[in-house]
Amino acid sequence: MPKRTRFTTWRTLATAATAALMAALLTPAVAHSAPRESSPVYSYADAIREAVWVDTGLDGDSDGRTDRVAVDIVRPREPAAQGRKIPVIMDASPYYSCCGRGNESQRKTYDANGNVVQMPLFYDNYFVPRGYAFVGVDLAGTNRSDGCVDVGGRSDIQSAKAVVDWLNGRAKAYTSRTGTDRAEATWTNGRTGMIGKSYDGTIANGVAATGVKGLKTIVPISAISSWYDYYFAQGAPLYDSGPEWLSNYVESPAARAKCAAVQQKIVAGAPRTGDWTSFWTERDYVKDARKIRASVFVIHGQQDLNVRPKHFGQWWDALAKNRVERRIWLSQTGHVDPFDFRRAAWAGTLHRWFDHELLGYDNGIDDEPMADVERHPDQWVTSNVWPPRATDTVSLRPGTGEQPGVGTLGLRKQRGTERFTDDPRLSETDWSARIDTPTPGKAGFITEPLATDLRVSGSSTVTVRATPTTTTAHLTAVLVDLGPDTIRDYADAAEGITTLADRTCWGPSTTGDSSCFRSTQAKTTAVDYTIVSRGWADLGNHASATKGTPLTPGRPYTITLDLHATDHVLPAGHRLALIVAGTDRDLIDPPSTTPTLTLDLSRTTARVPLVGGAGAFARATAGTVAATPTPSVLDGVRDPRAAHRIPGAL
């Protein structure tokens with residue numbers, strides 16, 4: 001791939017520079033190979049801690065001067081004293097003051113001189129002794145920065161991009177928020193990697209999509225790729241409020257007093273109709289994937305009901321289309337950081353990733369499998385390419401069964417209809433638990449028990465032909481693995497982990513900044529079914545993804561629902577189910593009416609990416625396997641909790 005050439009060139013230059021330096025310092029009798037791993041040789045206790053304010057070039061708060069964003073820096077003292085420049089790891093966040101970062105909700109703390117004492121998370125403790133600078137950026141309008149929060153828009157992205165520009169000598173910074181004394185980044189070579197979970201990782205996505213020079217890699221964890229898809233699913237609202245609520249929540253009191261006009265622009269730009277506006281276009285990073293110069297290491301929970309897996313799926317597909325160097329980890333958790341579901345492996349992998357991308361070390365990480373997937377709690381498998389090359393999208397057809405609403409699912413096109421009435425009191429767990437029972441609130445379609453394992457890998461779609469009885473209707477489509485398993489309890493408050501009392505340490509500590517964090521372990525639950533993927537839409541968006549219209553009762557409409565990306569294996573003996581229903585309680589808001597919908601099964605199709613394609617499905621469903629008796633009501637995770645309105649604050 002073209003990006004591979006970039007890495008090889010950097011490695012060659014780095015290796016040549018290392019060899020030249022060693023040739024000058026070592027006697028001819030001594031031979032050493034180029035380094036493969038950075039070591040903790042620098043003093044964390046003596047690290048330089050400083051703050052600068054970078055000029056963004058914008059005046060978001062309309063106070064007559066351009067906004068400055070606060071940048072807290074922790075860097076090793078020794079390289080600068082020796083005249084050597086170092087790379088940067090950066091986390092740009094709106095949460096350093098309002099809400100905290102990580103499993104223990106850490107906030108920045110400062111000494112009497114205004115320099116950072118506690119930098120949240122383990123990045124500074126671990127990487128500064130290894131020769132990296134760590135930079136924590138307060139987004140505009142938060143903590144010690146000027147400006148206003150605009151929820152993923154120009155101000156948010158420019159807050160972080162301007163810092164990358166400053167690190168590369170293209171922007172101005174000052175030693176204080178209002179002073180005129182300049183600060184220069186003479187200590188860095190400008191090579192920057194951005195990392196962060198949720199909102200922070202979203203900013204990394206957005207900055208990478210600008211194509212800014214000097215940003216060499218990003219590590220977005222549970223990150224948003226398009227803000228429209230955080231608030232709506234094809235016109236169906238996912239929350240009872242819009243981005244103005246989030247902006248008001250994270251802004252500093254000083255910014256909130258100045259940013260009423262920006263708040264009004266957010267309200268006007270993000271109507272609760274679910275229509276696409278220029279506001280959302282500005283916050284759609286997927287469309288700009290072609291500009292990306294950085295490599296991308298994606299991490300996401302496949303049961304994340306905050307930043308839903310659609311975000312990583314569409315981002316990953318855009319990266320692949322544009323041949324961006326990439327890697328991915330997919331866990332069974334909800335909205336959880338890999339530090340809390342795979343800590344030791346995560347620290348080691350991240351270390352090697354940054355060594356390769358920012359120091360140019362030829363450590364082989366670019367030759368390792370592209371994907372790590374958690375198949376069972378704490379049990380991981382790899383794929384050399386993701387989705388696997390043998391994956392093909394298969395059209396699965398629903399058909400009627402012996403009981404109303406309990407139909408079949410196979411390769412052959414079927415005829416007939418099924419009906420259901422939207423019941424906003426019910427969720428995907430209610431429908432799945434009663435999949436084998438006729439119920440008025442859903443239509444279910446099920447395969448026979450599988451003769452062989454069947455792997456779903458990638459993003460599915462479900463096209464339905466539906467006739468409503470009212471002028472509004474919301475739709476949900478769900479793929480379900482019917483069969484016993486033990487999974488991470490993603491519906492629990494901690495979304496698949498349990499936090500323990502003991503601590504593990506990841507680098508040196510100082511007074512006020514400990515590297516020791518509470519341990520975690522998988523929180524599991526035994527289930528009779530597992531939700532594989534889900535998606536939602538407003539039927540009023542049948543003709544346009546950007547604008548909804550009232551429905552005509554009695555008229556049929558066709559719409560395709562985008563389901564979330566996943567990687568899941570259905571074991572032999574299990575069954576695959578497709579559920580089509582209305583409101584998915586606590587995951588989308590209900591429509592203004594209570595429609596009954598009739599599905600035309602001859603024009604309803606689920607397109608599912610299966611490893612091995614149609615042949616694998618045919619083989620899996622061709623044999624006869626004795627079905628395990630199941631109770632009339634299947635047991636799964638508890639009902640989904642009310643959807644979050646804050647991407648990763650706590």
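**Core and sheet of a predicted model**

Me: What makes Trp 166, Met 194 and Trp 227 stand out in the largest nonpolar core?

Reply: In this predicted model, the largest nonpolar core has 104 residues, and Trp 166, Met 194 and Trp 227 are those with the most contacts inside it. The term covers buried Ala, Val, Leu, Ile, Met, Phe, Trp, Tyr and Cys residues joined through side-chain atoms within 4.5 Å, where buried means under 20% relative accessible area with a 1.4 Å probe, protein chains only. Helix H4 (residues 154–167) gives the largest share of this core, 7 residues.

Me: Which residues is Met 194 in contact with, leaving aside neighbours within four places in sequence?

Reply: Contact means heavy atoms within 4.5 Å, and the partners of Met 194 include Met 90, Ala 160, Ile 203, Val 207 and Leu 215.

Me: Why are strand S7 and strand S15 said to stand at the edges?

Reply: Strands pair if DSSP finds at least two bridges between them; S7 (173–174) and S15 (379–383) each have a single partner strand, so one side of each is left without a neighbour in the sheet. The open sheet has 11 strands with mixed pairing.

Me: How do you know that strand S12 and strand S13 pair?

Reply: Strand S12 (residues 295–301) and strand S13 (residues 326–331) run parallel and are joined by 6 bridges, set against the required at least two. Gly 301 stands opposite Ser 331 in S13.

Me: How is the model to be read?

Reply: Local features need pLDDT (the predictor's confidence in each residue, from 0 to 100) of at least 70, side-chain atom pairs count only at 80 or more, and totals for chains, interfaces and linings use all residues. Residues are numbered from 1 along each chain as its sequence is written, and side-chain values use heavy atoms, with hydrogens and water left out.

How values were computed: Buried < 20%, exposed > 50% of the residue type's maximum accessible area, 1.4 Å probe, protein only. Helix = DSSP H or I, 4+ residues; strand = E, 2+ residues; numbered from the N terminus.
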